[in-house]
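The following exercises ask you to work through one structure step by step, with a solution after each task. Please look at the sequence and the model before you read on.

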Amino acid sequence: MASAASAIYFLNLRGDILLERRYKDDVDREIAESFRDRILNARERDAAAVYGPIRTLGSVTFMYLRHADIYILLLTRSNGNAMLSFQFMTSLVSLFQSYFEGDLTESSIRANFVLMYELLDEVMDYGLPQLTDPAILKTLVFQKGYKADFSSLLGANVSLADAAAKKAKEAAAAANATLSVTGAVSWRREGIKYKRNDIYLDLVEQVNVLMSNNGAVLRNDVVGRIQMKCLLSDMPELRLGLNDQMQDVTFHQCVNLGAYESQKVVTFVPPDGEFELMRYRVNDGITLPFKVLPVINEVGRTKLEANVTVKSTFSNKMMAGPVVVLVPVPDNTASAKMLVTAGRAKYDATKKALVWKITKFAGNAEHTLRAEVALVASTKEKKPWGRPPIQLQFQVPMLSCSGLRVQYLKVVERKLGSAYKAEKWVRKLSKSGDFLIRI
């Protein structure tokens, strides 16, 4: 086992998280944010002290390196190989530099975060490094990165969006030139035949949010993707109309970027079978499917009382499930008595949390957990409980939290220009990413 990383984070020099990818559920964003307060700030307060690039706080080991104006931070709860961990982080820098055709900086991360998520999914599996060779990965991940030289863009009065649009048009022009000369589509072979033509489109969104204990949203975003399965004969062209809700969009190489820039229509000749058409991110206009209102009180040194209410905000015609609520409790918890209005709850000592599971959660419904937690008293001076956030895990079929809608999906035979009969199936799924509630 080379590293068994729980998560990897990219932070700026202030310690703000620019990008994160969790591979296990034994760490959370709050732990990564403590890097700024307990490590970076400590270095500044005590400049004379010698701090190495490896620190252990509690049961979590922080391994980090600085490159340009960012920090790369790897978290683990296991006894990982430190040397290989740093080799992995160094290889990541080289990989991103190869894709960006420039340096890995804060600005390049902001310009290419969707591509970085895709690469981070490939380079590590459940915390174990797989491959970081750019030559191999470029046969799997075709998207190219954007150069994000903000200083030169500002000097020339050119915005990053204009630069990205220019690059997209240049790529589209090159692709169209190849098609006009050769008629070739490298990702699809000629002569495909099916008895029945079917198109499956899945819109999958991951919701990330941090709430206060009174239900106020402190930050949120949705990272989504459109996954397709095309079982179509001959050489069809698909035209997908979407409402304009997306930001930071990355497309499969089959998409005609020129058509998208000019008409806002996703036009493409699909590969045969399953493929990921696009990824996107939305920061505004997000509708959260749940609201969580916790009341956690410490009663003396031997008792804790918890009252957690979860409300669903989506239509009563929809059903979520399963929904799991993880309510953290102190390390010195001995037992817990719980009463719930739906589902089942138990105390899990390994997770240091009350685990409340609701198999089916209807829309416009409200359920409550009440718990009395017994704590083990100690003669030693008790350290204040850190109060980690509540975690909410869920899946809601047929819901798009970003507001992205499929307005139409048309199919034509590209060579003949005629109508094309095909059965179309469109599904939606919203699920939890880092859905955290402070207590």
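**Exercise 1.** Identify which residues of the largest nonpolar core touch the most other members.

*Solution.* A nonpolar core is a set of buried Ala, Val, Leu, Ile, Met, Phe, Trp, Tyr and Cys residues joined through side-chain atoms within 4.5 Å, where buried means under 20% relative accessible area, exposed over 50%, and partly exposed in between (1.4 Å probe, protein chains only). The largest such core has 66 residues, of which Ile226, Met228, Phe268, Leu277 and Phe290 touch the most other members. Strand E8 (residues 198–211) gives the most to this core, contributing six residues; strands (E, at least two residues) and helices (H or I, at least four) are DSSP runs, numbered from the N terminus. A second, separate core holds 33 residues, including Met89, Ile109, Tyr117 and Leu120.

The model is predicted: local features need pLDDT of at least 70, and side-chain atom pairs count only at pLDDT 80 or more, whereas totals for chains, interfaces and linings use all residues. Residues are numbered from 1 along each chain as its sequence is written, and side-chain values use heavy atoms, with hydrogens and water left out.

**Exercise 2.** Describe the surroundings of Arg279: is this residue buried or exposed?

*Solution.* Begin with its place, which is in strand E13 (residues 273–282). With a relative accessible area of 16%, Arg279 counts as buried. Its side chain is joined to that of Glu276 by a polar contact of 2.7 Å, a term for a pair of N or O atoms within 3.5 Å in which, within protein, one must be able to donate a hydrogen and the other to accept it, while residues adjacent in sequence count only if both atoms are side-chain atoms. Leaving aside neighbours within four places in sequence, the contacts of Arg279 (heavy atoms within 4.5 Å) include Tyr117, Asp121, Arg225 and Asp248.

**Exercise 3.** Examine helix H2 (residues 82–100) and what lies at its ends.

*Solution.* The expected span is 1.5 Å times one less than the number of residues, so the 19 residues of H2 should span 27 Å, which agrees with the 27 Å between its end C-alpha atoms. At the N-terminal end, Asn81 acts as a cap, with a side-chain oxygen 3.1 Å from the backbone nitrogen of Met83. Just after H2, Glu101 takes a positive phi of about 55°. Among the buried residues of H2 are Phe88, Met89, Leu92 and Phe96.

**Exercise 4.** Explain why Cys254 forms no bond with Cys230.

*Solution.* A disulfide requires a pair of cysteine sulfur atoms within 2.5 Å. Because the sulfur of Cys254 is 8.4 Å from the closest cysteine sulfur, in Cys230, the two are too far apart for a bond. The structure holds zero disulfides.
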